[in-house]
Amino acid sequence: MTTDLLPSISDLQPLPTGDRAALNRAIEQRDAIETFAAGVVSRGLRNVFLLGSGGGYLTHEGLQYLLETRSTTVPTFVISANEFIFRSPAALGPGSLVVLASHTGTTPEVVEAATYAKAKGATVATTTRYPDSPLAQAGDVAWTYEHDWDAGDPKQF
C-alpha cells in the first residue's frame, strides 16, 4: 500500500477559527441532544428516518453507520426527502424519529418532508445553519451551527 497520498504530520494544520466555532456550538448542544434522544426513546422509538437532499442527505452517513452497527431493534432508513414524501412509508407514524438536514433550511422538499412527517405523528429533529429558517420552524427541535460552510466546501481542499 502506498502512503504517498496521506499527509505527513508536518502537513497538518490547526482547524480554522470558523470550524472551531462550529464544533464548539455542537458541543454546547450535547446535553440538549442527549435529553431529546432519551425522551424519544422513552416514548417508544420504533424507527428512524434520515432525510435530506444533496449535501444535507450526505451528512447522515455517520449517524446511519452508528445506528446500523449498534442497534438490533430500531431500523434506520436513509432516503431523499422528496422520495420519502412520494413513498409515504407505512412504518412512518408515532414512534418514528425523522431527522432532516439542510444548510439553509429552505430546501423545499426537505421542509415539506418535515411537515409531512409531523402530520403523520413522527417526532421531527432538524439540523440547519439558521435557527429562524422554515426547516427549523417545521421541526420539534432544531440544532443549529454557527458556520457558513456547507457540504460542498470540502471539495475545495
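In this predicted model, Asn47 has its bridge partner in strand 3, namely Ser96. Leu51 likewise finds its bridge partner in strand 3, in this case Leu100. These pairs introduce strand 1 (residues 47–52) and strand 3, which run parallel and are joined by six bridges. On to strand 4: here strand 3 pairs in the parallel sense over five bridges, and Val98 stands opposite Val124 of strand 4.

With these pairings in hand, the whole sheet can be laid out. Five strands form an open sheet with parallel pairing, in the order 2-1-3-4-5. Strand 2 (76–80) and strand 5 are the edge strands, each of them pairing on one side only. Direction ignored, neighbouring strands of the sheet are turned by 20° against each other on average.

It is worth pausing on how the sheet sits within the chain. The chain holds seven helices and five strands, and these follow the pattern α-α-β-α-α-β-α-β-α-β-α-β when read along the sequence. Of its 157 residues, 34% count as buried. Among contacts in the chain with a separation of 6 or more, 69% are accounted for by residues 24 or more positions apart. The accessible surface of the chain comes to about 9,700 Å², and carbon and sulfur atoms hold 58% of that area.

How is strand 3 covered on its two faces? Ser96, Val98 and Leu100 are buried on one side, and Leu97, Val99 and Ala101 are buried on the other. Six of the six residues of strand 3 are thus buried, so this strand is largely enclosed by the rest of the structure. Strand 4 can be described in a similar way: five of its six residues are buried, so strand 4 too is largely enclosed by the rest of the structure.

Part of the surroundings of the sheet comes from helix 6 (residues 108–119), which packs on the sheet and touches strand 1, strand 3 and strand 4. The direction of helix 6 makes about 165° with that of strand 3. The 12 residues of helix 6 should span 16 Å at 1.5 Å a residue, and the 17 Å between its end C-alpha atoms agrees with this. Which residues of helix 6 are buried? They are Val110, Val111, Ala113, Ala114, Tyr116 and Ala117. The cover over these buried residues includes strand 1, strand 3 and strand 4, together with helix 5 and helix 7 (134–138). Just after helix 6 comes Gly121, with a positive phi of about 95°.

Helix 2 (residues 30–42) offers a second helix to look at. From its first C-alpha to its last, this helix of 13 residues reaches 18 Å, close to the 18 Å expected at 1.5 Å a residue. Phe36, Gly39 and Val40 are the buried residues of helix 2. Seen down the helix axis, these buried residues fall within an arc of 100°, so they line one face of helix 2. A general point helps here: an α-helix has 3.6 residues a turn, so residues three or four places apart point the same way. The other side of helix 2 has exposed residues, namely Arg30, Asp31, Thr35, Val41 and Ser42. Covering the buried residues of helix 2 are elements that include strand 3 (96–101), strand 4 (123–128) and strand 5 (141–144). Gly44, just after helix 2, takes a positive phi of about 100°.

Two individual residues round out the picture. Thr144 is found in strand 5. Is Thr144 buried or exposed? With a relative accessible area of 10%, Thr144 is buried. Beyond its neighbours within four places in sequence, Thr144 is in contact with Arg25, Gln29, Thr128, Arg129, Tyr130 and Pro131. Asp132 is 12 residues from Thr144 in sequence, and the two are 9.8 Å apart in space, C-alpha to C-alpha.

The other residue, Ser88, lies in the loop between helix 5 (81–87) and strand 3. Its phi is near 50°, a positive value in a residue other than glycine. Ser88 counts as partly exposed, at 33% relative accessibility.

Key: Residues numbered from 1 in each chain as written. Predicted model: local features only at pLDDT ≥ 70, side-chain atom pairs only at ≥ 80, totals over all residues. Heavy atoms only, no water. Helix = DSSP H or I, 4+ residues; strand = E, 2+ residues; numbered from the N terminus. Expected span 1.5 Å × (residues − 1). Buried < 20%, exposed > 50% of the residue type's maximum accessible area, 1.4 Å probe, protein only. Arc of directions from axis to C-beta. Contact = heavy atoms within 4.5 Å. Areas by Shrake-Rupley, 256 points an atom, 1.4 Å probe, with all protein chains shown as cover. Pairing = 2+ DSSP bridges. Axes fitted to C-alpha atoms, helices over the stretch in contact; angles between N-to-C directions.
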